[in-house]
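Student: Could you walk me closely through one part of this model, the place where two helices pack against each other? I'd like the geometry and the residues that meet there, and then how that spot fits into its surroundings.

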Amino acid sequence: MSAGGPSDGSYSRPMQKHNPSETALKVAHSVLTLSHTGDWNDRLPPRLRQLTEELMIAAKLRRYTPRVIQTARKSWMARMYRWNDLLLPGMFHALGYRKCYINDTALKAIAAGATQVVILGAGFDTLAMRLAPEFAQVHFFEVDHPATAKAKHAAITELGQPDNVHLLSVDLERTKIPQAMAMDKHWQSAAKTLFIAEGLLMYLRHTDVLDLFQQASSCATKGSQIVFSHCLPAWATGTAGTVGRFMVRTVGEPIQSWVNSADLPEYLDSTPWTVVSGVDSDNRHGIERYAVAELLEASSHRPTHPPLGREGWA
Ligand SMILES: C[S@@+](CC[C@H](N)C(=O)[O-])C[C@H]1O[C@@H](n2cnc3c(N)ncnc32)[C@H](O)[C@@H]1O
């Protein structure tokens with residue numbers, strides 16, 4: 001199996017603890033820029049462009065002033081993101097494919113009876129704000145580290161928080177998913193749930209990725225799903241990715257785990273989740289691949305992983 005994480009133990013903490021996540025903001029601004037490129041605005045989920053821009057502006061971020069945010073409309077900014085593809089191959093367009101894939105998976109899960117959507121490490125993603133008005137019977141929970149959640153929450157409050165969007169400011173290094181969810185009175189463990197881990201797992205250590213799956217299963221019912229993106233070993237360990245990896249590491253969010261799509265069933269074997277999406281071999285997904293796993297049966301028959309301790313997401 002080609003999967004794993006760094007073995008030298010030298011990686012720093014995955015994110016800055018006091019400022020909103022740099023990578024979350026970069027994803028939002030990059031997708032906003034993509035929406036002004038070619039026919040991408042028609043291909044991306046409806047209202048993604050408008051809500052991303054409104055959220056970023058309402059968050060009143062120090063580095064992303066309204067003027068900086070609006071550079072997304074300029075063709076030179078799209079060129080800059082394409083040059084960035086030299087470091088993160090294919091990722092300018094891949095983020096668009098990723099947003100579409102996650103959106104489609106959420107729509108399918110809701111059509112199949114999911115009444116809860118939990119977005120882990122939500123960043124400046126707009127899925128909850130986009131889908132909540134259309135699906136009033138579904139509860140959307142955004143979970144993020146306090147440093148990022150604070151800015152996002154202020155923005156959502158300013159834009160008008162839908163009744164079925166719930167914001168959980170939680171450091172998942174310290175609080176497990178079941179405890180975090182139990183803090184919200186709208187959460188129901190017995191309800192069919194879709195968990196979303198988009199652009200998140202590669203920033204966690206391998207053991208913590210497995211622990212995250214275990215935690216999610218322990219508060220979810222049969223038929224619940226998790227949709228996620230994961231980093232490919234070829235980029236995460238190859239010489240071609242050296243400069244790109246250095247770059248994400250300098251913003252305090254180093255790549256810490258990777259796995260090939262074909263190896264996912266074995267990778268997740270110790271968890272109660274079964275990969276139901278098949279092998280993703282789509283090169284348009286850049287240095288990532290996407291997958292959906294499902295709880296095909298009640299999860300209690302599986303061994304539990306060691307609890308997330310000081311080695312958690314740090
Ligand atoms: C690369 S961003 C992805 C954002 C979003 N999912 C997207 O794709 O647009 C990673 C997100 O994980 C969150 N995160 C990282 N460590 C965390 C922790 N210990 N607890 C909660 N959230 C965390 C960051 O705040 C950030 O929003």
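Tutor: In this predicted model, Val27, Ser30, Val31 and Leu34 are what helix 1 brings to the meeting with helix 6, and from helix 6 come Phe92, His93, Leu95, Gly96 and Lys99. Sorted by class, that contact has five nonpolar residues, three polar ones and one charged one.

Now the geometry. Two packed helices are described by the angle between their axes and the distance between the axes. Here the axes of helix 1 (residues 22-35) and helix 6 (residues 91-111) cross at roughly 95° and come within 9 Å. An angle from 65 to 115 degrees counts as roughly perpendicular, so helix 1 is roughly perpendicular to helix 6.

Each of these helices has a second role. Take helix 1: with three residues, it gives the most to the shell around the ligand. That shell has 22 residues, and Ser21, Gly121, Gly123, Thr148 and Gly199 are the closest to the ligand. By class, the shell splits into 10 nonpolar, seven polar and five charged residues.

Helix 6, for its part, belongs with the core. The largest nonpolar core has 89 residues, and those touching the most other members are Val117, Val118, Ile119, Val143, Ile196, Ala197 and Ile226. Helix 6 gives the most to this core, with eight residues. As background, nonpolar side chains tend to be buried together in soluble globular proteins. For a feel of the packing, pick valine 143: leaving out residues up to four places away in sequence, Val143 touches Val118, Ile119, Leu120, Ala122, Leu168, Val170 and Ala180.

Away from the helix pair, a couple of backbone angles deserve a look. Most residues other than glycine have a negative phi. Arginine 47, in the loop between helix 2 (40-43) and helix 3 (48-58), has a positive phi near 70°. Lysine 60 also has a positive phi, about 50°, and sits in the loop between helix 3 and helix 4 (66-69). As for burial, arginine 47 is partly exposed because 15 other C-beta atoms lie within 10 Å, and lysine 60 is partly exposed with 13.

One last loop: aspartate 282 lies between strand 8 (274-275) and strand 9 (288-294). Aspartate 282 is partly exposed too, with 14 other C-beta atoms within 10 Å. From aspartate 282 to alanine 298 is 16 residues in sequence and 32 Å in space, C-alpha to C-alpha.

Key:
Residues are numbered from 1 along each chain as its sequence is written. This is a predicted model: local features need pLDDT of at least 70, side-chain atom pairs count only at pLDDT 80 or more; totals for chains, interfaces and linings use all residues. A residue is near a molecule or strand if its C-beta atom, placed from the backbone, lies within 6 Å of it. Helices (H or I, at least four residues) and strands (E, at least two) are DSSP runs, numbered from the N terminus. Ala, Val, Leu, Ile, Met, Phe, Trp, Tyr, Cys and Pro count as nonpolar, Asp, Glu, Lys and Arg as charged, and the others, Gly among them, as polar. A residue is buried if 20 or more other C-beta atoms lie within 10 Å of its own, exposed if 12 or fewer, and partly exposed in between; C-beta atoms are placed from the backbone. Axes are lines fitted to C-alpha atoms, for helices over the stretch in contact, and angles run from 0 to 180 degrees between N-to-C directions. Angles under 35 degrees count as roughly parallel, over 145 as roughly antiparallel, 65 to 115 as roughly perpendicular and the rest as oblique. Two residues are in contact if their C-beta atoms, placed from the backbone, lie within 7 Å. A nonpolar core is a set of buried Ala, Val, Leu, Ile, Met, Phe, Trp, Tyr and Cys residues joined through C-beta atoms within 7 Å.
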